[in-house]
Amino acid sequence: MMRIAAPLLPVRRRPSALVLLVGGCSLLLLLAAALAHATAAAPPRLMVQVVAADDAERAADADKAIAILRAQPGVRAARQVDPSALADMAGPLPADQPALPALIEVTLAADASEAALGRALAPVRDAAMQPRGPASAPSPLHRLALFATLVAGMSLIGGAVAIARDRLSRRAVTVTLLRELGAEDARIARTMLHDPALDTLAGLGGALAVALLLLGAAGQLGWGMAGGLVTTALVATMLCATAAMATTLLSLARRP
């Protein structure tokens, strides 16, 4: 009976278990990155009070101060605290007590200068700037999330390297035949890593979709976090591909 020769590289019929392995590691990586983003230290803030006695003058001075603050390079955002919410928190005031000041919450960049902001607010005579408190240190949960992100990322890259080495060792005869036929190492590496690359992309894509759905269902998904997760997935994909390709090329270069 005639035997049909097996192909040098097996024909791909269905995704391998690598999809689930990569997807699980990628999901842990993305969720850890999301936790690190959510627990990051809040940006520095300060408060500006506008203490004019007249209501109309106070409102005008508050608008002027907000416009000045928003024009400063060290200010990320400036908004007035809702006067009704401020009044609810303060409760009823005695008859001899002046009206509540207008409060402006200012979100600063890390390199913002309070002295420069004070000089900029000089034209608003009734504005008083409260000193900024010390910056809050990263919480233990944030540090744990960063560590988990690093471990998950290194595990993912290590898995890509191990898969590349295993696939090359299993196809040693094929590599020898391809070299005898004149194939270059770069072409051999691309051929060897084609199927694992598809599995990795499928696993990372599935993990990204699951992470976005979970965070969206929990009400924790914003544009910043979504962009961060997509960036994390793209970086992880590039690092895995680079590590696998470099490992395969180095292994081929060491072969006689």
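**An exposed leucine and the helices around it**

At 68% relative accessibility, L20 counts as exposed. This leucine belongs to helix 1 of the predicted model. Along the chain L20 and G203 are 183 residues apart, yet their C-alpha atoms are separated by 6.3 Å. That pairing is a handy entry point to the rest of the fold, which is described below from the overall layout to single residues.

The protein holds nine helices and four strands. Followed along the sequence, these elements give the pattern α-β-α-β-α-β-α-β-α-α-α-α-α. Of the 256 residues in the protein, 31% are buried. The surface that the protein exposes comes to about 15600 Å², and carbon and sulfur atoms supply 65% of that area. Among contacts with a separation of 6 or more, 82% join residues that are 24 or more positions apart.

The interior can be followed through its nonpolar cores. The largest nonpolar core has 19 residues, and the members that touch the most other members are V48, L69, I104, V106 and L108. Two or more residues of this core come from each of strand 1 (45-50), helix 2 (55-70), strand 2 (75-80), strand 3 (102-108) and helix 4 (114-120). Helix 2 gives the most to the core, with five residues. Another core lies apart from this one; it has ten residues, including A33, A34, L208 and M225.

Helix 1 (residues 18-38) also carries G23. Is G23 buried or exposed? With a relative accessibility of 15%, G23 falls under the 20% cut-off and therefore counts as buried. Leaving out residues up to four places away in sequence, G23 touches G203 and A207. The C-alpha atoms of G23 and L201 lie 9.0 Å apart in space, although 178 residues separate the two in sequence.

Helix 8 (residues 194-217) contains L204. The relative accessibility of L204 is 4%, so this leucine counts as buried. Once residues up to four places away in sequence are set aside, L204 touches V22, S26, L156, A233, A236 and T237. From L204 to L29 the C-alpha distance is 10.0 Å, with their positions 175 residues apart in sequence.

Helix 5 and helix 9 deserve a closer look as a pair. Helix 5 (residues 140-170) has 31 residues, which at 1.5 Å a residue should span 45 Å; the end C-alpha atoms are 44 Å apart, in agreement with that expectation. For the 32 residues of helix 9, the expected span is 46 Å, and the 47 Å between the end C-alpha atoms agrees as well. Two packed helices are described by the angle between their axes and the distance between the axes. Here, helix 5 and helix 9 pack at an angle of about 35°, with their axes 8 Å apart, and their crossing is right-handed. On the helix 5 side the contact is made by L156, I157, A160, V161, A164, R165 and L168, while helix 9 brings A236, L239, C240, A243, A244, T247, T248, S251 and L252.

Which residues of these two helices are buried? In helix 5 they are H142, A145, T149, A152, G153, L156, A160, V161, A164, R167 and L168. In helix 9 they are M225, A226, L229, A233, A236, C240, A243, A244, T247, T248 and L252.

T248 offers a single-residue view of this region. The residue sits in helix 9 (residues 223-254) and, at 2% relative accessibility, counts as buried. With which residues is T248 in contact, its neighbours within four places in sequence left aside? They are A164, L168, A189 and L193. Of these partners, A164 and L168 are among the helix 5 residues that make the contact with helix 9.

A further helix pair is formed by helix 6 (residues 172-180) and helix 7 (residues 185-192). Their axes come within 10 Å and cross at roughly 140°. The crossing of helix 6 and helix 7 is right-handed. Helix 6 takes part in the contact through T174, V175, L178 and R179, and helix 7 through D185, I188 and M192.

Technical notes:
Residues are numbered from 1 along each chain as its sequence is written. This is a predicted model: local features need pLDDT of at least 70, side-chain atom pairs count only at pLDDT 80 or more; totals for chains, interfaces and linings use all residues. Side-chain values use heavy atoms; hydrogens and water are left out. The expected span of a helix is 1.5 Å times one less than its number of residues. Buried means under 20% relative accessible area, exposed over 50%, partly exposed in between (1.4 Å probe, protein chains only). A nonpolar core is a set of buried Ala, Val, Leu, Ile, Met, Phe, Trp, Tyr and Cys residues joined through side-chain atoms within 4.5 Å. Contact means heavy atoms within 4.5 Å. Accessible areas come from the Shrake-Rupley method with a 1.4 Å probe; for residues, only the protein chains shown count as cover. Axes are lines fitted to C-alpha atoms, for helices over the stretch in contact, and angles run from 0 to 180 degrees between N-to-C directions. A crossing is left-handed if the near helix is turned anticlockwise from the far one by less than a right angle, and right-handed if clockwise.
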